[in-house]
Every structure is written in structure tokens, then in C-alpha cells.
Amino acid sequence: MSTVQTDSTAGMSCAAEATEMAASTPRQWLSVFSVALGAFAFVTTEYLPVGVLPQIARELSVSDGTAGLMVTIPGIIAALSAPTMMIGAGKVNRRHLLILLAMLLVASNLISALAPDLLTMLLGRGLLGVALGGFWAIAIAAAGRLVTPDKAAKATAIIFAGITFATVLGVPLGTFISTLLSWRASFLATAALALAALAAQFVTLPSLQANESLQVKTLLRYVSKNSTQRSILLMGLIIAAHFASYTYIAPFLVQRAGFSAGTITLTLLGFGLLGMLANFMVSASVTRHLQLSLGAAVGLMLLALVSLPFVVGNDLGVGAAVLVWGVAYGAIPLALSTWMQLTSPRLAEASSAMLVTTFQVAIASGSLLGGVIVDGYGIAQTLFFGALLGLLGLVVMATFGFGQDRLIEKLQR
């Protein structure tokens, strides 16, 4: 059964759009880069509190664990927003939706920058969650329509590059700005970035009439598969393992390792740069040896998490452990995305929606549980907790057996 509903009018509309854009290639690519800029702004905003969490907690008079709700809240809301937006968007023009979501992102950053207390801050972060889930549900599907069909893959890669650069530069850049000025200035900077993305999309995005919609019954049928359920659990455990620890990496580096703000910025920059390098290097092996690639990356992450509390007092040891962690995590999202795509190639919209939802639920639950452990038992213990979640993820992966052909057969059963 087809996962989308397409009518002839929408088809002709898309054909007309493609013809029109084919005559203005520079504008096509400008529209792609405007969405990539939006991706950069969204991911930078989502991860920004990680690097400035101690400063925000201190000024708003809350614990580090409670301040972790700034990561938890948008994750929960984005998890609900992604499938809801996918199903409920209906025939609304995707250009209008992307512009509206960019406006919400600007508002979210402004509210966060001016927040006098935690409640107002969480209101701004909740608004981010609404925009974030909707953006990923729509932007990836729209990427191939911004250019001619033969350039669709390149357009999608450029948009995903926005995520990579945000991972590399977003957190350390926010930390750097907060060091020079304040954490509020960091949010104002991301508001300006979001405003630039909004302006670029308003000028360059073509009309994107809706020609498909995800049906509730299709999504439910996909989720009811045993292989899908185990894959969701696998992904959730591994991503939660990362964020249960990574959300509190700045407090750990300050309180336990004694790093200065400048050293933290450089350490997080190294984390992101090596992660980006690992993402590119592992792309070929993920295609041929998915389980081996994912297992090796998770194993490296576990090694780094368990090692960190024991190398405190040795700056080089702490730095090396964080950089190994960066290499590991750089490969993980690509491997998990490939895994989820294999669960049902014929239900791409459903697997995409569940990918976004599971990722955001894992971010929210990982940071929330990590915060509870930080407040109750200490920062070092949340690293061990993250390692335990990652180990459970490896156990779930082992239930699929071993061997690429056998894995694909089980995922698509």
C-alpha cells in the first residue's frame, strides 16, 4: 500500500515548479542554503544550553540538574511535534510552514535571552520544541523539491551539513560569546542567526505546494513491527546514553576537572571537529558494515564515559577522553539514521517521523534522568549511567544477530 496520497493537480504543480526553478539555478541553490542556514540555527539553539548551563543555573538560582530541563523540554515537545506536523500539515504550502517555523525560532531565542526566571526560560525552550520537530519533519522532505531531481541528493547533503557545522561550532561558539559577554548574549546571537535564516528563506524559497501526507494508519502499521520496536529501543538507549552525560559535560569540566571557560570552549570545539571528521570517514563503512560501525562507535563512547571520572586531575587525560567521545558520537547519528531507514524502505515518511521522534525523546529522557542523577548523586555518576544505557543498547543490537545480509532481512521483515 502506498504511504502517500498524490493527486494529479499536485503533480502538475510540482512539475511546473521544477520547470520554473530549472531556469533559475542560482536561486535553487540559494534556497537550499537558506534551509541549511535554518538547520544550523535550529541545532545551534537546541544545543546552546550545554555550553552555558552553569552560568544560566547560577543566574536563575537553580541547580545544574534542574537547568538541564532546558534540553529536556524542547526534546519532549519536538518528539510530539514531528509526527503531528507530518500528519496535520495537510495541503498547507511548505514554504509558508518553513517561514512560520523560522519565526518561532527567532521568538524562542528572544524569550530565552530575556528570561528573568526558569519558567520563562522553559517557555522559550518549549517554543523551540514546537518549531524544531516541525522543521525536521518538513525540511528534509522538501529538500529534493528545491532543485532538479538529479541534484536532490546534493541538496539534502547540504542541508544536513548545517547540522554538522552546528554540532561543531554551535556549542563552543555559544560558550565563547558567553565568556566575552554573557549567556544572554549567546541567545541574542542565535536569535540574529535565526533572523538571517528567516530573511533568506523569505527571499529565496519557492512555492512548495503539498503533494503528499502521512496517514495515521501507515504510521501505526510501521510502529507495530517487532523490528521497528526493537530499532526504536536501540536508538533511544544509545542517544539517551550520550545526552545523559553530554548535557552536563560543562559542569563536569568546571567542577571536577577544573577547566577554565576558554579551555572548555576549545575542548568542545575539538569534540565537534573530530565528530565531523568521523561522520565523513565512517560513511562508507556504515553502508557495508552497519553493525560493526555502530558497535565500534558505541564501544568507544562507553570507554570515554567510564574513563573520564578516573582521569580527573590529568588535563591531557580528560581532554583525550572527551575527544575520543567526540569521534564516537560523530559516527553514531549517521549509523542510527541508516539503521532506521533500513527498517522500512517503502515507508520512508513513517521511518523519518519516528527517527525524529525517537531522537528527541531520547534527548529529553537522557538529559532529564542525567539531571536527577547529577542533583542526587553527583556529576561523575551520570557518566556511569550513560555508559550503562549504551551497554543496554549494544545488548538490543545483538538481538538482531550478526552479518549485514541477516540484519537487513530482519529489519525489513
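**Entry 1. The whole chain**

I began with the secondary structure and counted 18 helices and zero strands in the chain. I note here that the model is a predicted one. I then looked up burial: of the 413 residues of the chain, 57% count as buried. The chain exposes about 16400 Å², and carbon and sulfur atoms supply 71% of that area.

I also asked how far apart in sequence the contacting residues lie. Among contacts between residues at least 6 apart in sequence, 86% join residues at least 24 apart.

**Entry 2. The largest nonpolar core**

Which residues touch the most other members of the largest nonpolar core? I found I239 and W325 in that role, within a core of 112 residues. Helix α2, which spans residues 25-59, gives the most to this core, with 16 residues.

I followed I239 further and set aside residues up to four places away in sequence. The remaining contacts of I239 are Y329, I332, L336, F359, A362 and I363.

**Entry 3. T382**

I located T382 in helix α17, residues 379-398. Is T382 buried or exposed? Its relative accessibility is 0%, so I record T382 as buried, the limit for that class being under 20%.

I next looked for a polar partner of the T382 side chain. A polar atom of that side chain lies 2.8 Å from the backbone oxygen of A244. A244 is also listed among the residues that T382 touches, together with S245, G370, I373 and V374, when residues up to four places away in sequence are not counted.

**Entry 4. A nonpolar patch on the surface**

I turned to the surface and found a nonpolar patch of about 610 Å². F165, L169, L173, F176, L180 and L181 make this patch. I examined L180 in particular, and placed this residue in helix α7, residues 152-180. L180 counts as exposed because its relative accessibility is 58%, and the class requires over 50%.

**Entry 5. L269 and P172**

I looked up L269 and found this residue in helix α12, residues 261-281. L269 is partly exposed, with a relative accessible area of 26%. How many residues separate L269 from P172 in sequence? I noted 97 residues in sequence, against 5.5 Å in space, C-alpha to C-alpha.

**Entry 6. The salt bridge**

Side chains of opposite charge can pair when their charged atoms come close. I searched for such pairs and the count came to one salt bridge. R184 forms this bridge with E59, and the closest N and O atoms are 3.1 Å apart. R184 lies in helix α8 (residues 183-204) and E59 in helix α2, so the pair ties together parts that are 125 residues apart in sequence. I add that E59 is partly exposed, with a relative accessible area of 45%.

**Entry 7. S61**

I closed with a backbone angle. Which residue has a positive phi although it is not a glycine? I found S61, with a phi of about 60°. S61 sits in the loop between α2 and α3, the latter being residues 64-67. With a relative accessible area of 66%, S61 is exposed.

Definitions and conventions:
Residues numbered from 1 in each chain as written. Predicted model: local features only at pLDDT ≥ 70, side-chain atom pairs only at ≥ 80, totals over all residues. Heavy atoms only, no water. Core = buried A, V, L, I, M, F, W, Y, C linked by side-chain atoms within 4.5 Å. Buried < 20%, exposed > 50% of the residue type's maximum accessible area, 1.4 Å probe, protein only. Helix = DSSP H or I, 4+ residues; strand = E, 2+ residues; numbered from the N terminus. Contact = heavy atoms within 4.5 Å. Polar contact = N/O pair within 3.5 Å; in protein donor to acceptor, adjacent residues only side chain to side chain. Patch = residues over 30% accessible without salt bridge, like charges linked within 9 Å, V, L, I, M, F, W, Y side chains within 5 Å. Areas by Shrake-Rupley, 256 points an atom, 1.4 Å probe, with all protein chains shown as cover. Salt bridge = Lys/Arg side-chain N within 4 Å of Asp/Glu carboxyl O.
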